[in-house]
Amino acid sequence: MRKLKRLVEVDSVKIGANNPIVVQSMTKTKTRDLKKTINQIRRMQRAGCEVVRVALVNRTDAEALTYIKKRVSIPIVADIHFDYRLALKAIDAGADKIRVNPGNIGNNLRLIKVIEKAKAFNVPIRVGVNSGSLPQSILKRYKHPTPEAIMETLESSLKIFKENNFDKIVISAKGANVMDTVAVYRMINKKYDYPLHLGITEAGLSFRGGIKSAVGLGILLNEGIGDTIRISLTSDPVMEVVAAYEILNALRLRQRNPILISCPICGRCEVNLGKIARAVESRLHTYSDFMKVAVMGCVVNGPGEAREADFGIACGKHTGIVFAKGREIKRVREKKLVDALFEVIDENINNR
Ligand code: SF4
């Protein structure tokens, strides 16, 4: 059962209060490298990213934000660690949201300065507690960064926000592993009604990171926990966005971007199906409409799966049949299959 959360607005994007789960990602460029950062943000946006976070490491990054804000049309979150003055500068530069880790921002007075400024400019704050930066006093008592230790750290940070009458808050809390993260989010969800930003931190390269994120976020989202997600991968941020929609699609929470269904290949296959599936997947990344595309290796399950999908290929011996909406459209040779499939997809999209 999904718990009704407060609404937090990040510019035009609504997080919480039963709005659809918002997909976020983070740039991997030096923010001060304007050309690369702006290009990357635009690519992420085209892939379906709805909120972009950028790292502010120094004053030059903070100043760059003013320029970036004028050239992109997507809410920008300024990611701040250690130096609270960068958070103040980011708000001046037009950041739509600030992400701080109270564990490394210094004493409470510094955090209060950030809260006061965010309040004056109506800018929300993500309070992100991380198992790697818990206060020594709490770590000493719990010995390890347990979910309870993370929860206590979060509670003491949120007290400061409450004392300063600030409630435009989104919470994130990252455990040391997937199941600790699941445990801590369950605890937070029970106690607070602030929207939750889900993510599995330092998840890994695309394959491993995607699996860990799908497991952790899959459990939580299926329990109705989570209002915005970021899939952290050591790879192109566009892949983070693609992975986020893949998880949301699988849970039937959001339907955007195509889904590729492909068979695992066995001894019956008589085409180079791996090559065909990779080519189809890479071309599908340029489409934003939700559609199921099946790439199947032989006549056993091929025609059936391909018919059930919106578009599909069912292969035979060095050849294949292209299907659209359950209808057989044409039979073509293996080399022409991918082009033939996309001709049919484009024709259908253009005729809508
Ligand atoms: Fe094997 Fe055909 Fe199934 Fe692919 S669709 S796994 S080739 S039986």
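Colleague: What makes the β11-β12-β13-β14-β15 sheet an open one with edge strands?

Modeller: In this predicted model, the five strands run in the order β11-β12-β13-β14-β15, with mixed pairing. The edges are β11 (259–262) and β15 (327–333), since each of them pairs on one side only. On average, neighbouring strands are turned by 20° against each other, direction ignored.

Colleague: How do you know that β12 and β13 count as paired?

Modeller: Two strands pair if DSSP finds at least two bridges between them. Strand β12 (residues 292–296) and strand β13 (residues 311–315) have four bridges, in the parallel sense. For M296, the bridge partner in β13 is A314.

Colleague: And what lies across β11, β12 and β13?

Modeller: That's helix α10 (residues 273–284), running at about 165° to β12.

Colleague: Why is T153 called buried?

Modeller: Buried means under 20% relative accessible area. T153 comes in at 4%, so it counts as buried. T153 sits in helix α6 (residues 147–163). Leaving aside neighbours within four places in sequence, T153 is in contact with V129, L134, P135 and I138.

Colleague: Why is R252 exposed, but A17 partly exposed?

Modeller: Exposed means over 50%, and partly exposed is the range between 20% and that. R252 has 73% relative accessibility, so it is exposed. A17 has 28%, so it is partly exposed. R252 is in the loop between α9 and β11, while A17 is in the loop between β2 (13–15) and β3 (22–26).

Colleague: What makes the phi of A17 and of R252 worth a remark?

Modeller: Most residues other than glycine have a negative phi. A17 isn't a glycine, yet its phi is positive, about 50°. R252 isn't one either, and has a positive phi of about 60°.

Colleague: Which residues touch the most other members of the largest nonpolar core?

Modeller: Out of 77 residues, those are L65, I80, I98, I125, I171, I188 and I229. Helix α9 (residues 237–250) gives the most to this core, with eight residues. There's also a second, separate core of 24 residues, which includes C269, L284, A324 and L341.

Colleague: What does I171 touch?

Modeller: Not counting residues up to four places away in sequence, I171 touches V127, L154, L158, Y185, I188, Y192, Y194, P195, L196 and H197.

Colleague: Last one: what surrounds the ligand?

Modeller: The shell is C263, P264, I265, C266, R268, C269, G297, C298, V300 and N301. These divide into seven nonpolar, two polar and one charged. Cys and Pro count as nonpolar, Arg as charged, and Gly as polar.

Terms used: Residues are numbered from 1 along each chain as its sequence is written. This is a predicted model: local features need pLDDT of at least 70, side-chain atom pairs count only at pLDDT 80 or more; totals for chains, interfaces and linings use all residues. Side-chain values use heavy atoms; hydrogens and water are left out. A residue is near a molecule or strand if one of its heavy atoms lies within 4 Å of it. A nonpolar core is a set of buried Ala, Val, Leu, Ile, Met, Phe, Trp, Tyr and Cys residues joined through side-chain atoms within 4.5 Å. Buried means under 20% relative accessible area, exposed over 50%, partly exposed in between (1.4 Å probe, protein chains only). Helices (H or I, at least four residues) and strands (E, at least two) are DSSP runs, numbered from the N terminus. Contact means heavy atoms within 4.5 Å. Axes are lines fitted to C-alpha atoms, for helices over the stretch in contact, and angles run from 0 to 180 degrees between N-to-C directions.
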